[in-house]
Amino acid sequence: MFRKPPITYIEPLFRPPSEARSLILQITNGCSWSKCSYCDMYTQPQKKFRIKPEDEVLKEIRWAGQNLSRVRRVFLADGDALVLSTRRLLTILHAIQEYLPGVSRVSSYCLPRNVANKSDDDLKQIHDAGLDLIYLGAESGDDFVLNSINKGETHQSTVDALNRLADAGVKRSVMIINGLAGERFSEQHALNSALLANRTQPEYLASLVINLPHGDARHQKGFEGQFEYMAQPALFRELRQFVDALELKSTIFRSDHASNQLVLKGVLGKDKPKLLNQIDLALSTPEQANLRPVWIRPF
């Protein structure tokens, strides 16, 4: 008789594209903030924020150790594992080390405010216990835009969080959203987002494209009705301005999320001229730029 594994999920479940082969442990449900105007990931009634009981998480880890011996990566879902106390996080990470000794990487999403609630020693202990990679949705480096989208963060709070994670040895994957500020505020969004990346030098940097599948009422409210959708050429121009302003030493850059029509991959700064040339081609001769067909994108 088939027995359902004891690992339980409250859906929908989200994870970064690079965690497609990871074991996902849902140690929290939803997002501890969940107020951003552009985000519909955790707005369903069943996604109200809640921390999964510790004994349930440990039971799932023990089961995985007995039945999933080939697991090499673990992703701690949902929106922000670092909202947990340091003691509870260390208990979970130590259990992964004990029962899943083959795991080489543990990762999670992260909010800057919850990094701020950890001491430097806390962050170092968490890294040493196995948390190796943090995905942080900065979305923008511009304070006006961050306030308009109700991010609850500032340029400086995000920079501080990213640099403290780096000091603790944690790798950082940072997301910026192309088109987030609309046509009117595009330039400040692009330039200040590049400044944020320059000040933190993340190991990974990604550009996604704004997607508002359930309408833009919340998003427009934050911008007091001044948000203007950007046509594809305008999105490319903003992306070019962002990339051109980046002064990175060794950051893996991607714009290969399903929302991106133009797929870019490279290492910044050495590949910066190549990436700018690809964007220029998409602007001047889109039929030669190998753009994704509109029908395969999520909106």
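**A cluster of rings and a covered strand**

Ring pairs link F144, F185, F223, F227 and Y229 into a cluster, and this group of aromatic residues is a useful place to begin reading the structure, which is a predicted model. When the whole structure is searched, nine aromatic pairs are found. One of them joins F185 to F223, whose rings are stacked, with 5.9 Å from centre to centre and 25 degrees between the planes. The two partners of this pair come from distant parts of the chain, since F185 lies in the loop between β7 and α7 (186–200), while F223 lies in the loop between α8 (217–222) and α9 (232–245), and 38 residues separate them.

How buried or exposed are the residues of this pair? F185 has a relative accessibility of 9%, and it therefore counts as buried, because the cut-off for that word is a relative accessible area under 20%. F223 is buried as well, with a relative accessible area of 1%. The ring of F223 also pairs with the ring of F227, and here the centres are 5.8 Å apart and the planes stand at 40 degrees, so this pair is tilted. The reason lies in the cut-offs, because planes under 30 degrees apart count as stacked and those over 60 as edge-to-face, with the rest called tilted. F227, for its part, has a relative accessible area of 4%, so this residue too is buried.

From the rings we can turn to the strands, and in particular to β6, which covers residues 131–139. Which strands pair with β6, and in what sense do they run? Strand β5, made of residues 105–110, pairs with β6 in the parallel sense over five bridges, and within this pairing S107 has L133 of β6 as its bridge partner. Strand β7, made of residues 171–178, is joined to β6 by six bridges, and these two strands also run parallel. In that second pairing, L136 stands opposite V174 in β7. Strand β6 is mostly covered, for nine of its nine residues are buried.

A last feature brings charged side chains together with an aromatic ring, that of W33. The charged end of K35 sits over the ring of W33, at 4.5 Å from the ring centre. The charged end of R113 likewise sits over the ring of W33, in this case 4.1 Å from its centre.

Notes
Residues numbered from 1 in each chain as written. Predicted model: local features only at pLDDT ≥ 70, side-chain atom pairs only at ≥ 80, totals over all residues. Heavy atoms only, no water. Buried < 20%, exposed > 50% of the residue type's maximum accessible area, 1.4 Å probe, protein only. Helix = DSSP H or I, 4+ residues; strand = E, 2+ residues; numbered from the N terminus. Pairing = 2+ DSSP bridges. Phe/Tyr/Trp six-rings, centres within 6.5 Å; stacked < 30°, edge-to-face > 60°. Lys NZ or Arg CZ within 6 Å of the ring centre and 35° of its normal.
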